[in-house]
Amino acid sequence: MLSYLQILQLISFSLLMSCGQILFKKTALSLAGERDPDIVYGVVEGFIRALSNPWLYLALIVYAFATLFWLYILQRIPLPQAYPFTALAMVIVPVFSLIIFGDKLSYSYWMGALLIISGISIIAR
């Protein structure tokens with residue numbers, strides 16, 4: 001059975017990963033907003049443009065920190081108990097996207113989110 005501290009660590013990890021995903025989306029939106037619709041960019045040009053975007057670096061820093069945190073977690077919690085908590089990102093990212101970007105969430109999303117949270121609750125026991 002996981003302790004409350006371990007559950008908090010696993011939820012914190014999922015939040016970090018979710019923040020990274022939101023920052024990647026912010027990077028993509030920023031790049032799309034800078035784009036001249038009359039110009040078709042190739043892969044190399046798109047890559048160079050992405051490298052000049054500060055949102056990308058922030059996302060990578062968050063992901064790097066999350067990776068180090070995951071290594072810390074895996075030293076203390078068996079992988080079969082820890083890994084299901086990564087599914088929380090499938091719940092958190094769309095909710096953040098709703099709040100930050102105004103994306104819409106369907107009824108089926110909320111039903112799926114409930115199933116994910118229920119499954120994680122069962123595994124955490």
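## Aromatic pairs and a nonpolar surface patch

At 32% relative accessibility, Tyr 72 is classed as partly exposed. Keep in mind that this is a predicted model. Tyr 72 is a good way into two topics here: the aromatic pairs, which come to 4 in the count, and a nonpolar patch on the surface.

**Aromatic pairs**

- Among the 4 aromatic pairs is the one formed by Phe 13 and Trp 70, which is stacked because the ring centres are 4.5 Å apart and the planes sit at 25 degrees.
- Phe 13 belongs to helix 1 (residues 4-34) and Trp 70 to helix 3, so this pair ties together parts that are 57 residues apart in sequence.
- Phe 13 is buried, at a relative accessible area of 6%, and Trp 70 is buried too, at 15%.
- Phe 69 and Tyr 72 make another stacked pair, because their ring centres are 6.2 Å apart and their planes are at 10 degrees.
- Both Phe 69 and Tyr 72 lie in helix 3, where 3 residues, about one turn of the helix, separate them.
- Phe 69 counts as buried because its relative accessibility of 18% is under the 20% cut-off.

**Nonpolar surface patch**

- The patch is formed by Val 44, Phe 47, Ile 48, Leu 51, Tyr 57 and Leu 60, which together have about 600 Å² of accessible area.
- Helix 2 (43-51) and helix 3 (54-74) each contribute at least two of the patch residues.
- Helix 2 provides the largest share, with 4 residues.
- Leu 51, one of the patch residues, is found in helix 2 and is partly exposed, with a relative accessible area of 37%.

Methods: Residues are numbered from 1 along each chain as its sequence is written. This is a predicted model: local features need pLDDT of at least 70, side-chain atom pairs count only at pLDDT 80 or more; totals for chains, interfaces and linings use all residues. Side-chain values use heavy atoms; hydrogens and water are left out. Patches are made of residues with over 30% relative accessible area and no salt bridge: like charges are joined within 9 Å, nonpolar side chains (Val, Leu, Ile, Met, Phe, Trp, Tyr) within 5 Å. Accessible areas come from the Shrake-Rupley method with a 1.4 Å probe; for residues, only the protein chains shown count as cover. A salt bridge is a side-chain nitrogen of Lys or Arg within 4 Å of a carboxyl oxygen of Asp or Glu. Buried means under 20% relative accessible area, exposed over 50%, partly exposed in between (1.4 Å probe, protein chains only). Rings of Phe, Tyr and Trp (its six-membered ring) pair if their centres lie within 6.5 Å; planes under 30 degrees apart count as stacked, over 60 as edge-to-face and the rest as tilted.
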